[in-house]
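This report goes through one protein chain, from its overall form down to single residues. Look at the model first, then read on.

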Amino acid sequence: PAGAALYTGDRTRFGIRDLAGALDRALAGARVDNVILYVHGRGCGGEPEKSLSEAMPALTRDYTSAPILLYWPGSDEACPLGFPEARAREAGPALAVALGELHRYKIEHAARVAGVQFTLLTHSMGSLVLEAATAVSGVSRLPPDLLATTVVNAGASASPDHAPWLARVTFSRAVFTTVNGGDRVLLAAGLGRATRLGRSITGARLAAGVHYVDFTANDVNHAYYVVSGQSGAAMTAFYQRVMNGLPFDFAASAGVTANDLRDGATVHRFNGR
């Protein structure tokens, strides 16, 4: 959509098709081994300023990453009670373009990105942007190792029918989506609507191959993709790995109570420790 843009951590703005420029800036200076492409959620505090002043510094600090924000307009419409789903979906093509430009950059600058891990993080209504992006022509042809990890954090997409679109995230080596029955923000977002994906997957068909990570026992609320919103050493250890594009050994973690198979997916239940 008009107005969608990319921002690096130093607040430099780039057009959606200039991911190369954003990456050149993000990768400049000190050695960077992790880039997080961050798609924000509801912006009642005013985006992109809210993310530039809060989320981006935290992502840089907590994960020693070079984050790049994908800003989508309209996230502040009808605050505080509105749910601008249509505006989030309108940004799907912008994310699809950015992913395509990442593919091009990795080919053209292979030596520069050798050893650099790329993570896609969507927060809350950012999952609707990703959902719409998966329906864009050409996204299905992106290579399966374009991203090291994709983290759908506190997803605001509808839970009952999420499996088809989440299964189309085939351009990431690992896909994680979080579940938290104690998420009060998503409880409110589900009033008058279907249950939100980040709130509950009870009764929903799951997307094969995806890791569903249940943090209900950790007693956290909504913005737990950064350390300040987390609780328990195991939860923090999980994010330290996957946000840096690295695998996490659920079976070896003392903080994971169960790893249940369902619909070809795995549900990992954390115990709060």
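## Overall form and interior

In this chain, 74% of the contacts with a separation of 6 or more join residues 24 or more positions apart. The model is a predicted one. Its secondary structure consists of 9 helices and 10 strands.

The C-alpha trace spans about 45 × 45 × 35 Å along its principal axes. The radius of gyration is 17 Å, which agrees with the value near 19 Å that a compact globule of 273 residues would have. Of the 273 residues, 56% count as buried.

The accessible surface comes to about 10,800 Å², and carbon and sulfur atoms hold 53% of this area. There are 25 positive and 23 negative side chains in the chain. The centres of these two sets lie 2 Å apart.

## The nonpolar core

The largest nonpolar core has 93 residues. Those with the most contacts inside this core are L95, F171, Y212 and F238. Helix α4, residues 92-108, gives the most to the core, with 8 residues.

Which residues does F238 touch, leaving aside its neighbours within four places in sequence? They are F176, V213, F215, F248, F250 and F270.

## Two helices and their cover

Helix α6 covers residues 126-133, and 8 of its 8 residues are buried. They are G126, S127, L128, V129, L130, E131, A132 and A133. The list therefore includes E131, which counts as buried because its relative accessible area is under 20%. The buried residues of α6 pack against the strands β3, β5 and β6 and against the helices α3, α4 and α7.

Helix α1 runs over residues 19-26, and L19, G21, A22, L23 and A26 are buried there. An α-helix has 3.6 residues a turn, so residues three or four places apart point the same way. The cover over the buried residues of α1 includes the strands β1, β2, β3, β4 and β5, together with helix α4.

## Backbone details in loops

Two peptide bonds that lead into a proline are cis, as the table shows.

| Peptide bond | Form | Omega | Loop that holds the proline |
|---|---|---|---|
| E47 to P48 | cis | near 5° | between β3 (34-39) and α2 (49-63) |
| C79 to P80 | cis | near 5° | between β4 (66-71) and α3 (85-90) |

Two further loop residues have a positive phi although neither is a glycine. One of them is R11, with phi near 75°. R11 lies in the loop between β1 (5-8) and β2 (13-15). The other is A154, with phi of about 50°. A154 is placed in the loop between β6 (147-153) and α7 (163-167).

Are R11 and A154 buried or exposed, or partly exposed? R11 has a relative accessible area of 41%, so it counts as partly exposed, a class that lies between 20% and 50%. A154 has 0% relative accessibility and therefore counts as buried, for which the value must be under 20%.

Methods: Residues numbered from 1 in each chain as written. Predicted model: local features only at pLDDT ≥ 70, side-chain atom pairs only at ≥ 80, totals over all residues. Heavy atoms only, no water. Helix = DSSP H or I, 4+ residues; strand = E, 2+ residues; numbered from the N terminus. Rg over C-alpha atoms; globule rule 2.2 N^0.38 Å. Buried < 20%, exposed > 50% of the residue type's maximum accessible area, 1.4 Å probe, protein only. Contact = heavy atoms within 4.5 Å. Areas by Shrake-Rupley, 256 points an atom, 1.4 Å probe, with all protein chains shown as cover. Lys, Arg positive; Asp, Glu negative; His and termini not counted. Charge placed at Lys NZ, Arg CZ, Asp CG, Glu CD. Core = buried A, V, L, I, M, F, W, Y, C linked by side-chain atoms within 4.5 Å.
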